[in-house]
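Student: Please take me closely through one part of this model, the contact between the protein chains, and then through whatever adjoins it. I would like one connected account, with each cut-off stated where it is used.

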Protein chains: 2
Amino acid sequence: MSHTDPPPGRRRGAARPQAAGAEGGRASARSSGSVTLDDVARLAGVSPITVSRVLNRPELVTADTIEVVREAIARTGYVPNLLAGGLASRRSRLVAALVPTISHSIFAEAIEALTDRLGEAGYQVLLGLSGYPAAREDDLLAAILSRRPDGILLTGINHSPETRRRLLAAKIPVVETWDLTPTPIDLLIGFSHEKVGRAVADHLVGKGYRRFGLVGASDERALKRRKGFVAALAAHGITEVESSSVPAPGSLRQGREALARILDGGFRPDAVFCSSDAMAHGVLTEAQARGLSVPGDLAVLGFGNLDFSAHTHPALSTVGIDRQAIGRHAAEAMLARIEGETVAEPVIDVGFTLIERAST
Amino acid sequence: MSHTDPPPGRRRGAARPQAAGAEGGRASARSSGSVTLDDVARLAGVSPITVSRVLNRPELVTADTIEVVREAIARTGYVPNLLAGGLASRRSRLVAALVPTISHSIFAEAIEALTDRLGEAGYQVLLGLSGYPAAREDDLLAAILSRRPDGILLTGINHSPETRRRLLAAKIPVVETWDLTPTPIDLLIGFSHEKVGRAVADHLVGKGYRRFGLVGASDERALKRRKGFVAALAAHGITEVESSSVPAPGSLRQGREALARILDGGFRPDAVFCSSDAMAHGVLTEAQARGLSVPGDLAVLGFGNLDFSAHTHPALSTVGIDRQAIGRHAAEAMLARIEGETVAEPVIDVGFTLIERAST
DNA sequence: CTGAAAGCGCTAACAC
DNA sequence: GTGTTAGCGCTTTCAG
């Protein structure tokens, strides 16, 4: 508003070119090149902190000053150094995301949604791939925490005591995802895998299926779905379940092989529940290769709702999960926490949808 | 935790517990909590720089000292602050990767390979999703450069002048990927999309196909493949090519719709080349839905070599790309550059493989 | 092999 | 509104 005492005068050299002058007078163009805040400040004829404000809290600066500074920034091609900024402010504007893999599109889409939302808020995502089973989650976490992320997203709810300790010590918001538990570390966005298993079982039994096959990856969440599935079947008096496990995350090929194993074993299921759509697709392929009609001879149910399952075969049903919702909610919850706001829903059950494609 | 002055002892105590002593004597446990290098040094009875050396250049330190320091680190639960370390050393140990999306597994797998290899070397990956078409690659890049990455991976070879300028100014190794050009910014790992198009055309023509359909996403690389495809066909005297474009990256559904559009338009191709396996899968599905035999009535060729294409249908041929090789090579090249070594092969053509599944 | 001094580039508090 | 003064936590010289 007010053109204070020494009005920058809108372009044109600042009154006091260098103030300090003597005293140390560290040369500007050090050596390493990179333009610094000081260089910009000097060119604009303002103090460094003013440049910083123009960048981070422009509402505290006069429109005139902003313009002069912006001009100087453009002229110099200045790129802020967030390592320095983060160190000084203790806010890295970085969020870490630990997932087993991103080749499995179920995680990839959630990460994308997370990245998009956080990006809008000025945050970036540091990717940590822990592999299956969360091999060195501990080491990975240590490496990641040294970047001082402002928040962290984890996959699953089972973490080593060491991991939990470090997470707590870091004092940053933690979002566990893809599962539910009564004892989350902090925030939680997921759904009940056991319920998924039960819902699928009830559904299939209701449709008249009686002999079940289970093709599952061996990760903890797939095991929970299996548990729910088997339990619900037992409640219906069905105990005839033939299962075949493969290493997570499970591929189409493994799905094929798994069904082959079951069939070659002499068991003849009338329905198969798979731990991913890729595997369901494999089962479907193997079934067709063997001349089995789907869902006539064999019903196939996947998990994850990949795009292709929606079009590949009218008989390929699946359990739909809103992957993007998980990423979005995780981002929102984390941002709220970081900003010090109260998180409306620290725990969110995003649920699931049974998508039935077979008209049988 | 705070055995202050009296050195922890425990196999030999340090001679001079605190040297400086007077002079400033800033309290250790500031407030914000986080254990610092100084805390560890104090506990171990050594100077901060020694702790730093134990962590970064242990070969310069005595085995005894290392042990004492390691002990102190474990005791305090110290986690290095890489923001500070990066600022001081001018090496962030961070590498940025810009890709359009990771939901498309072709990129996801390359990123995984990159992350794995870089992780071994102590680097982490900052993920940047630019979207299709590289919407705000410029802004994204600016945001990313403020983290002072030690290297950066880009997707494609077409970048705005502004992007190139910034990249050059950053003075860090740049790896362009997924394509080839005689004028790379720095390092380059890819293959010729035009050659892919030509190879596919020659292959199909050689097999006797004459009426071609093209189902492609509209990204620059898919356009190059199309160009090569059309050019090679022209060389064979074939000009009858009906194409249908969709927004990148292209989904299975879009593949279905694209073929539907072509067929409904009255054109009856005997072979269709798609810009991704997902789309090829869609085309295949639509063909089957319409009662067309594949490859009897219609040959379908994809691109990318996704897992499912290998098993879905014996007629679904594809162009195989070694996705992991791209990530691996990118990591190696970048590491070499960062370490100041000479990069053996600044430009690598990883080639492609025509994977034929149809026995027709 | 170990240490002291001096920042890396930026921002939090306070002054003015 | 804008400037001054101190560091944030670590590593870089350069001494011993």
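**Where the chains meet**

Tutor: Within β2(B), V125(B) is the bridge partner of L127(A). That pair belongs to an antiparallel arrangement in which 3 bridges join strand β2 (residues 124-129) of chain A to β2(B); two strands count as paired if DSSP finds at least two bridges between them. The model is predicted, so local features need pLDDT of at least 70 and side-chain atom pairs count only at pLDDT 80 or more, whereas totals for chains, interfaces and linings use all residues. Residues are numbered from 1 along each chain as its sequence is written, while chains are lettered from A and ligands numbered from 1 in the order in which they are written.

Taking the interface as a whole, 48 residues of chain B are in contact with 47 residues of chain A, a contact being two residues whose C-beta atoms, placed from the backbone, lie within 7 Å. On the chain B side, two or more residues each come from α4, α5 (105-120), β2 (124-129), α6 (137-145), α10 (252-264) and α11 (277-289) of chain B; these labels are DSSP runs, helices being H or I of at least four residues and strands E of at least two, numbered from the N terminus. The most is given by α5(B), with 6 residues. By class, this side of chain B has 21 nonpolar, 18 polar and 9 charged residues, where Ala, Val, Leu, Ile, Met, Phe, Trp, Tyr, Cys and Pro count as nonpolar, Asp, Glu, Lys and Arg as charged, and the others, Gly among them, as polar.

The symmetry can be stated too. Chain B is superposed on chain A by a rotation of 180° with 0.0 Å of shift along its axis, at an RMSD of 0.1 Å, and the two copies are thus related as by a two-fold rotation axis; the fit is by least squares on the C-alpha atoms of residues with pLDDT of at least 70 in both. Because 98% of the interface residues of chain B are also interface residues in chain A, the copies meet through the same surface.

Behind the interface, α5(B) also packs on helix α12 (residues 323-338) of chain B, at an angle of about 35° with the axes 7 Å apart; axes are lines fitted to C-alpha atoms, for helices over the stretch in contact, and angles run from 0 to 180 degrees between N-to-C directions. The contact of α5(B) with α12(B) has 9 nonpolar, 2 polar and 6 charged residues, including I106(B) and L114(B) from α5(B) and I326(B) and A330(B) from α12(B).

α4(B), another contributor to the interface, also serves the DNA: α4(B) gives the most to the surface near DNA strand D, with 5 residues, a residue being near if its C-beta atom, placed from the backbone, lies within 6 Å of the strand. Of the 30 residues around DNA strand D, L37(B), S52(B), A84(B), G85(B) and A88(B) come nearest, and the surface divides into 15 nonpolar, 13 polar and 2 charged residues. Around DNA strand C there are 30 residues, the closest being L37(A), S52(A), A84(A), G85(A) and A88(A), and α4(A) supplies the largest share there, 5 residues. Both chains take part in that surface, with α1 (37-44), α2 and α4 of chain A and α2 and α4 of chain B each supplying at least two residues.
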